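Work through the exercises below with the structure in view, and try each task before reading its solution.

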Amino acid sequence: MLVKDIMTRELITVKSTDTIREAMAKGHEKRIRHLPVVDDGKLVGIVSDRDLRYACPSPFTGEKNGECWQIKVGDIMQKRVVTAHPLDPVEEAAKMMLENRVGCLPVLLDDELVGIITQGDIVMAFAELMGVYKRSSRIEVQVPDRPGMLAEVAQIMKELNINVVSVFLAPKAENGLKTLVMRVETMNTKPIIDRIRAKGFTLINPFGEV
């Protein structure tokens, strides 16, 4: 799954010359937390709802108009913007967000803003990749940390004619064992459990999960 597959293409942007009040109103109306700042078709910064709240109280609280609401977006925006490319893998985008401690990534193609990806988009993407939206069961198996273990467990599913919805291998090994997490397209996990145990593997969750 790539950034282009999950990014928002219908962009809501502001200009650096817009006021905080205008930016707040736009974010409130569209229910979005991050506003790319675009001047003359070029991305020049980004402003979040947090930036706006820190600079000035919300005009929707009923308070009287304040001078701070006339501050320009360009005066408070984040000018150093971490961006993604439409062909970046989703996991790389997630890594960039974590490393840079940002809540979104504007997506640029040849210096043109073509989309935006947020933490919410990332969470939904990984939930979809893990197959949680399909009727399935979860199986966790401890396997030796050596080549070929995934193939051995997959062979069990093939013999039982059970489709594997998703597979995740925990990167950290403990006591020479890794945890293999699978979602399988069946509600009856007993045949799988019996066969896995017969092969000598240890099940962390022997009952599966609906």
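**Exercise 1. Find the residue that faces Gln142, and then follow the sheet outward from there.**

Solution. Gln142 stands opposite Thr202 in strand 8, where strands (E, at least two residues) and helices (H or I, at least four residues) are DSSP runs numbered from the N terminus. The model is a predicted one, in which local features need pLDDT of at least 70 and side-chain atom pairs count only at pLDDT 80 or more, while totals for chains, interfaces and linings use all residues. Residues are numbered from 1 along each chain as its sequence is written, and side-chain values use heavy atoms, with hydrogens and water left out.

Next, count the bridges: strand 5 and strand 8 run antiparallel and are joined by 2 bridges, and two strands are said to pair if DSSP finds at least two bridges between them. Strand 5 is also joined to strand 7, again in the antiparallel sense, by 8 bridges, and Glu140 stands opposite Val181 in strand 7. Continuing outward, strand 7 (residues 177-184) pairs with strand 6 over 5 bridges, antiparallel once more, and here Leu169 stands opposite Leu180 in strand 7.

**Exercise 2. State the order of the strands in the open sheet, and explain why strand 6 and strand 8 each have one side without a neighbour.**

Solution. The open sheet is formed by 4 strands in the order 6-7-5-8, with antiparallel pairing. Strand 6 (164-169) and strand 8 (202-203) stand at the edges and have a single partner strand each, so one side of each is left without a neighbour in the sheet. Helix 7 (residues 149-159) packs on this sheet, touching strand 5 (137-144), strand 6 and strand 7, and its direction makes about 30° with that of strand 7.

**Exercise 3. Describe how helix 7 crosses helix 8, and which residues meet there.**

Solution. Begin with the axes, which are lines fitted to C-alpha atoms, for helices over the stretch in contact, with angles running from 0 to 180 degrees between N-to-C directions. The axes of helix 7 and helix 8 (residues 190-198) come within 10 Å and cross at roughly 140°. That makes helix 7 oblique to helix 8, because angles under 35 degrees count as roughly parallel, over 145 as roughly antiparallel, 65 to 115 as roughly perpendicular, and the rest as oblique.

Then take the handedness: helix 7 passes helix 8 in a right-handed crossing, a term used if the near helix is turned clockwise from the far one by less than a right angle, with anticlockwise giving left-handed. Ile156, Met157 and Glu159 in helix 7 meet Ile192, Arg195 and Ile196 in helix 8, contact being defined as heavy atoms within 4.5 Å.

**Exercise 4. Repeat the description for helix 5 and helix 6, taking the axes, the handedness and the residues in turn.**

Solution. The axes of helix 5 (residues 90-100) and helix 6 (residues 119-129) come within 10 Å and cross at roughly 140°, which makes helix 5 oblique to helix 6. Helix 5 passes helix 6 in a left-handed crossing. On the side of helix 5 the residues are Val90, Glu91, Ala93, Ala94 and Met97, and they meet Gln119, Ile122, Ala125 and Phe126 in helix 6.

**Exercise 5. Locate the disulfide and describe its geometry.**

Solution. A search of the whole structure finds 1 disulfide, meaning a pair of cysteine sulfur atoms within 2.5 Å. This disulfide joins Cys56 to Cys68, with an S to S distance of 1.9 Å. The link is right-handed, with 45° about the S-S bond. Cys56 and Cys68 are 12 residues apart, and each is placed in the loop between helix 3 (49-55) and helix 4 (73-76).
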